[in-house]
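User: Could you give me a close look at a single part of this model, the surroundings of one cysteine, and then follow the chain outward from there? I'd like the cut-offs spelled out as you go.

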Amino acid sequence: MDLMLHDSRIALAIDESLGWRHHLHERPELLYEVHETAAFVAARLSSFGCDEVATGIGRTGVVATIRGRRGESSRRIALRADMDALPILEETGLAYASKTSGVMHACGHDGHTAMLLGAARALAETRAFDGTVILVFQPAEEGGAGGRAMIEDGLVDRFAPDAFYGMHNLPGLPVGRFAMRPGPIMAATDEFSIAIAGRGGHAAIPNRTADPILAGAAIVQALQQIVSRNTDPLDSLVVSVTQFHSGFAHNVIPDEALVSGTVRSLRGETRDAAERRIHAIAEGTALAHGCTATTSYVRNYPVTVNDAGAAAFCGDVAARLVGEAQVDRAAPPLMAGEDFAYMLEARPGAYVFIGNGPSANLHQARYDFDDRALPFGIAYWVSLAETALASA
Ligand code: NI
């Protein structure tokens, strides 16, 4: 194990980060409403002596900068954490469980925030690098596109990072391990909604109706062919129907049905093709049942694409910290979405996974961030910054 983990300033940061993590866990906030969290983060960053602490970037995002003591280089790198929680009723029974009923840190963003704060503390203390570290704490990762909001509010123009680096904990990956890959690492996440219009009537006289439920059932079945028959077997695509609403009485065929769901893809062409096929299948199948279908398709987060060189660099940083055997440089991508994707569209960089051990899965009521991962995350961030901005 690398000496970095035993460095005294890292040890101090680790000690403090545990308290921050539990404090944040008790006070989860949703989407852009991370007011207390952002204030807590900004206060810590100011106390570390960051050169600049800007709040309200992308509504409730916080950005801080730390200039290296050598101060000659114009290089600038951004390290990003997310701050928001989820609308889930916590069932962990922990002493520091959420004090807000129905809201919990079920994705470990409390841990991400605590780790980046710990790194900021250590980086600001010694400033043993040449260039500028930009610390990005974003709101609304869980479906609110807070990363995009921060970019629209000047994150890239005003702070001018050359590269973005992100990190997320991963249940199932042992604590002390890191995983990443070059290229796509998280999926594009889209949603579709198909409104089927038929002609309702008496359930005992179906021949005088155009049954939207039967049309909807056929559409749900037919959508399965997009993955099984329209997509290269070596490519990855998810088409999941997650809602089907229709009807109100056992003896009435309704006028309408609504089918909706999600599409996850790793390539632009696959995404485009899935959108086209959903339209064609919905409209054609509805027509075959005497109904009509109106499809809306909304593109949410884009694919999170790691720059190959940046991913290799992150792998090297992690390997120096925990040993090559603890680093998976060719991890499979996840079909979940991540709005860090917008930052990687703006600048090159890489997103890595840090092991959270055998915890409950993300977005589950019994999930908790594993505090044993704090030292690894803090040391990784510090090492990454000091290596990327090492003196020439
Ligand atoms: Ni998350």
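Analyst: Happy to start with C107, which is buried at 5% relative accessibility. Here buried means under 20% relative accessible area, exposed means over 50%, and partly exposed is in between, using a 1.4 Å probe on protein chains only. Please keep in mind that this is a predicted model, in which local features need pLDDT of at least 70 and side-chain atom pairs count only at pLDDT 80 or more, while totals for chains, interfaces and linings use all residues. Residues are numbered from 1 along each chain as its sequence is written, and side-chain values use heavy atoms, with hydrogens and water left out.

What does C107 do in the model? Through its SG atom it is a protein donor of the nickel ion, along with H109 (NE2) and H168 (NE2), at 2.1 to 2.2 Å from the ion. Donors are N, O and S atoms within 2.8 Å of the metal (3.2 Å for Na, K and Ca), and sites may look incomplete since water is not among the atoms. Along the sequence, the spacing of these donor residues is C-x1-H-x58-H. C107 sits in the loop between β3 (76–82) and α3, whereas H168 belongs to strand β5, so this pair ties together parts 61 residues apart in sequence. Helices (H or I, at least four residues) and strands (E, at least two) are DSSP runs, numbered from the N terminus. Like C107, H168 counts as buried, with 5% relative accessibility.

The loop between β3 and α3 also holds A95, and A95 is exposed, with a relative accessible area of 83%. From the C-alpha atom of A95 to that of A280, 185 residues apart along the chain, the separation is 53 Å.

Now for α3 itself and its partners. Side chains of opposite charge can pair when their charged atoms come close. A salt bridge here is a side-chain nitrogen of Lys or Arg within 4 Å of a carboxyl oxygen of Asp or Glu, and by this rule the model has 25 salt bridges. One of them joins E16 and R121, with the closest N and O atoms 2.5 Å apart. E16 is in helix α1 (residues 8–26) and R121 in helix α3 (residues 109–126), so their contact ties together parts that are 105 residues apart in sequence. Of the two, E16 is partly exposed at 33% relative accessible area, while R121 is buried at 17%.

Another link between these helices is the salt bridge of R21 with D110, 2.7 Å from N to O. R21 is in helix α1 and D110 in helix α3, 89 residues away along the chain. Both partners are buried: R21 has 0% relative accessibility and D110 has 1%. R21 also forms a salt bridge with D371, where the closest N and O atoms are 2.8 Å apart. That pair spans 350 residues, since D371 is in the loop between β16 (349–355) and α10 (374–388). R21, D110, D368 and D371 are in fact linked in a network of salt bridges.

Back to β5, the strand that holds H168. The largest pocket has a volume of about 580 Å³, and β5 (163–170), β8 (188–197), β12 (256–265) and β16 each give two or more residues to its lining. A pocket, on a 1 Å grid over the protein atoms alone, is an open set of points where a 1.4 Å probe fits, with protein on both sides within 12 Å along at least five of seven lines; lining residues have an atom within 4 Å of a point. Grid points are joined across faces, edges and corners, and the volume is the space filled by probe spheres set on the points.

There are 26 lining residues, with E142, T189, R264, Y301 and G337 nearest the centre of the pocket. The largest share, three residues, comes from β8. Where does the pocket lie? Domain 1 (3–186 + 304–388) and domain 2 (188–299) both contribute to the lining, so it is located between them; the domain bounds come from an automatic or database domain assignment.
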